[in-house]
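Me: I should like to study this protein through a series of questions. Please reason through each reply and close on what was asked.

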Amino acid sequence: LQDENLKIQILHRETRLKALQNQLNPHFLFNTLNCMIGMARVYHAVEIEKMGLCMARITQYSLSQNLLTTVKSELEVIGDYLNIQQTRFPDRFVCKIDVDEKLLDRNILRFSLQPIVENAIKHGLEPLEEGGKLTISGKLSGNDAVFIIADNGVGFEPEAFSELKNILRSESRERIVSSGCGIGILNINNRIRLYYGDDYALNIESIKNGGTSVTVRMPLQ
């Protein structure tokens, strides 16, 4: 019965995601982006063309109906996102990616890493005027893939961080869904626990004005 309930919850969340995806008309979106890219080329607006290409690839990736993707594909969409942000905030932060090549062709949940990177930049590094650093590492650990996304940003306020840790550890998935803490990290944590089991919840460490580190562990199938 527990397994059946888990399957129902996973299907329910997949259905909600697909319903949101279907609200976008991909033909209109891609045609608009291609038009923007073409105009940027005509006017030699290199940075606009670059951002348009990155956004087109991110959009295509997000509209996929596949629940799983390869580590390589997830890193590519992260690269496109970073290119856009570094164009918006030149010299604001640097990023280092160090992922074991043995992981690149293995499957992980789609959008299980990119939103964490986005959260790190938006909430951790954007408030810094300069000197931001972001590292994305990935390695094999037994039969698991372990990824760490770390930044040297502003970190969490102690009370907010304590509340977040409690919610992430909660055995109640509904509490995680309805917590009101946003869909980023909590949504990823929820999806990983639903798909792989509660042993694979996220682990987060943060120090106010000392940065944040998020560890994502997923079994390789």
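Me: How many helices and strands are there in the protein chain?
Reply: The model is a predicted one. Its protein chain contains both kinds of element, and the count is 8 helices and 7 strands.

Me: What percentage of the residues of the protein chain count as buried?
Reply: A residue is buried when its relative accessible area is under 20%. The protein chain has 221 residues, and the share that count as buried is 39%.

Me: Among contacts between residues at least 6 apart in sequence, what percentage join residues at least 24 apart?
Reply: A contact requires heavy atoms within 4.5 Å. One example of residues far along the chain is Arg-92 and Leu-125, which lie 33 residues apart and touch each other. For the protein chain, the share of such contacts that join residues at least 24 apart is 70%.

Me: Where is Arg-92 found, and which backbone oxygen lies 2.6 Å from a polar atom of its side chain?
Reply: Arg-92 sits in the loop that runs between helix H4 (71–88) and strand E2 (93–99). Leaving aside residues up to four places away in sequence, Arg-92 touches several residues, including Leu-128, Glu-129 and Gly-132. The C-alpha atoms of Arg-92 and Leu-125 are separated by 8.1 Å. The backbone oxygen at 2.6 Å from a polar atom of the Arg-92 side chain belongs to Glu-126.

Me: How far apart are the end C-alpha atoms of helix H5 (residues 114–125)?
Reply: Helix H5 has 12 residues, and at 1.5 Å a residue it should span 16 Å. The expected span is 1.5 Å times one less than the number of residues. The distance in the model agrees with this expectation, for the end C-alpha atoms are 15 Å apart.

Me: Which elements are included in what covers the buried residues of H5?
Reply: The buried residues of H5 include Pro-115, Val-117, Ala-120 and Leu-125. Their cover includes both helices and strands, namely H4, E2, strand E4 (132–141), strand E5 (144–151), helix H8 (185–196) and strand E7 (211–219).

Me: Is Cys-95 buried or partly exposed?
Reply: The structure holds 0 disulfides. Cys-54 counts as buried because its relative accessibility is 2%, which is under the 20% limit. Cys-95 has a relative accessible area of 27%, so this residue is partly exposed.

Me: Which side chain makes a polar contact with the side chain of Ser-64?
Reply: Ser-64 lies in the loop between helix H3 (46–62) and strand E1 (68–70), and its relative accessible area of 19% makes it buried. A polar atom of its side chain lies 3.2 Å from the backbone nitrogen of Asn-66. The side chain in polar contact with that of Ser-64, also at 3.2 Å, is that of Arg-110.

Me: Which helix gives the most to the largest nonpolar core?
Reply: In soluble globular proteins, nonpolar side chains tend to be buried together. The largest nonpolar core here has 43 residues, and those touching the most other members are Val-117, Leu-134, Phe-147, Ile-149, Ile-192 and Val-216. With 7 residues, the element that gives the most to this core is H4.

Me: How many of the 12 residues of H8 are buried?
Reply: Among the buried residues of H8 are Leu-186, Asn-190 and Ile-192. Ile-192 touches Leu-109, Tyr-200 and Val-216, among others. Just after H8, Gly-197 takes a positive phi of about 110°. H8 is largely enclosed by the rest of the structure, because the number of its residues that are buried is 10.

Note on methods:
Residues are numbered from 1 along each chain as its sequence is written. This is a predicted model: local features need pLDDT of at least 70, side-chain atom pairs count only at pLDDT 80 or more; totals for chains, interfaces and linings use all residues. Side-chain values use heavy atoms; hydrogens and water are left out. Helices (H or I, at least four residues) and strands (E, at least two) are DSSP runs, numbered from the N terminus. Buried means under 20% relative accessible area, exposed over 50%, partly exposed in between (1.4 Å probe, protein chains only). A polar contact is a pair of N or O atoms within 3.5 Å; within protein, one must be able to donate a hydrogen and the other to accept it, and residues adjacent in sequence count only if both atoms are side-chain atoms. A disulfide is a pair of cysteine sulfur atoms within 2.5 Å. A nonpolar core is a set of buried Ala, Val, Leu, Ile, Met, Phe, Trp, Tyr and Cys residues joined through side-chain atoms within 4.5 Å.
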